Amino acid sequence: KDFFFFFFLGWLVNMFWTLDIGLNFFTGYFEETVVITDWKKIAKHYVSRWFLFDMIVILPDWATLMLRTNVNITNTLSALRMMKVIRMLRLMR
């Protein structure tokens, strides 16, 4: 029963962060005192700043969920999941 709860929770968290990545392509940002809302500029800004970091954080989580059968790979990827703490700090910006 606990396994199902944590498995479901893992999928839920991964879906949240994956959707967050998609939404960041359409979330405006400030440039000086002007809010930029052009999606092309937003996408370029996001890709040049946070996209790579976000992918590095979320991909090990997805791989961990997909590769639960191999304990060695799962343990290695779980260590990389600690980067999620850094990602959480990003929300405070």
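**Close-up views of a predicted model**

**View 1. Helix 1 and helix 2 are roughly antiparallel to each other.** The model shown here and in the other views is a predicted one. Why does this pair of helices count as roughly antiparallel? The axes of helix 1 (residues 2-24) and helix 2 (residues 39-66) cross at roughly 165°, and angles over 145 degrees count as roughly antiparallel, so the pair earns that description. The two axes come within 9 Å, and the crossing of helix 1 and helix 2 is left-handed. Two packed helices are described by the angle between their axes together with the distance between those axes.

**View 2. Here are the residues where helix 1 meets helix 2.** On the helix 1 side, look for F7, G10, W11, N14, M15, W17, T18, I21 and N24. Their partners in helix 2 are I42, Y46, F51, D54, M55, I58, D61, W62, L65 and M66. Sorted by class, this contact of helix 1 with helix 2 holds 13 nonpolar, four polar and two charged residues.

**View 3. F16 and W17 form an edge-to-face aromatic pair.** Six aromatic pairs turn up when the whole structure is searched, and the pair of F16 and W17 is one of them. Its rings sit 5.0 Å apart, centre to centre, with 75° between the planes. A pair of aromatic rings is described by these two kinds of value, the distance of the centres and the angle of the planes. Are the two partners buried or exposed? F16 counts as exposed because its relative accessibility is 52%, while W17, at 5%, counts as buried. W17 may look familiar from the second view, being among the helix 1 residues that meet helix 2.

**View 4. F25, Y46 and F51 make up one aromatic cluster.** Y46 and F51 are also among the helix 2 residues that meet helix 1.

**View 5. I36 is a buried residue of strand 2.** Strand 2 spans residues 34-36. With a relative accessible area of 10%, I36 falls under the 20% limit and so is buried. Which residues does I36 touch, leaving aside its neighbours within four places in sequence? They are G28, Y29, E31, K41 and I42. I42 also appears in the second view, among the helix 2 residues that meet helix 1.

**View 6. Stepping back, the protein has four helices and two strands.** From the N terminus on, the elements follow the order α-β-β-α-α-α. Of the 93 residues in the protein, 26% are buried. Among contacts between residues at least 6 apart in sequence, 57% join residues at least 24 apart.

Key. Residues are numbered from 1 along each chain as its sequence is written. This is a predicted model: local features need pLDDT of at least 70, side-chain atom pairs count only at pLDDT 80 or more; totals for chains, interfaces and linings use all residues. Side-chain values use heavy atoms; hydrogens and water are left out. Axes are lines fitted to C-alpha atoms, for helices over the stretch in contact, and angles run from 0 to 180 degrees between N-to-C directions. Angles under 35 degrees count as roughly parallel, over 145 as roughly antiparallel, 65 to 115 as roughly perpendicular and the rest as oblique. A crossing is left-handed if the near helix is turned anticlockwise from the far one by less than a right angle, and right-handed if clockwise. Contact means heavy atoms within 4.5 Å. Ala, Val, Leu, Ile, Met, Phe, Trp, Tyr, Cys and Pro count as nonpolar, Asp, Glu, Lys and Arg as charged, and the others, Gly among them, as polar. Rings of Phe, Tyr and Trp (its six-membered ring) pair if their centres lie within 6.5 Å; planes under 30 degrees apart count as stacked, over 60 as edge-to-face and the rest as tilted. Buried means under 20% relative accessible area, exposed over 50%, partly exposed in between (1.4 Å probe, protein chains only).
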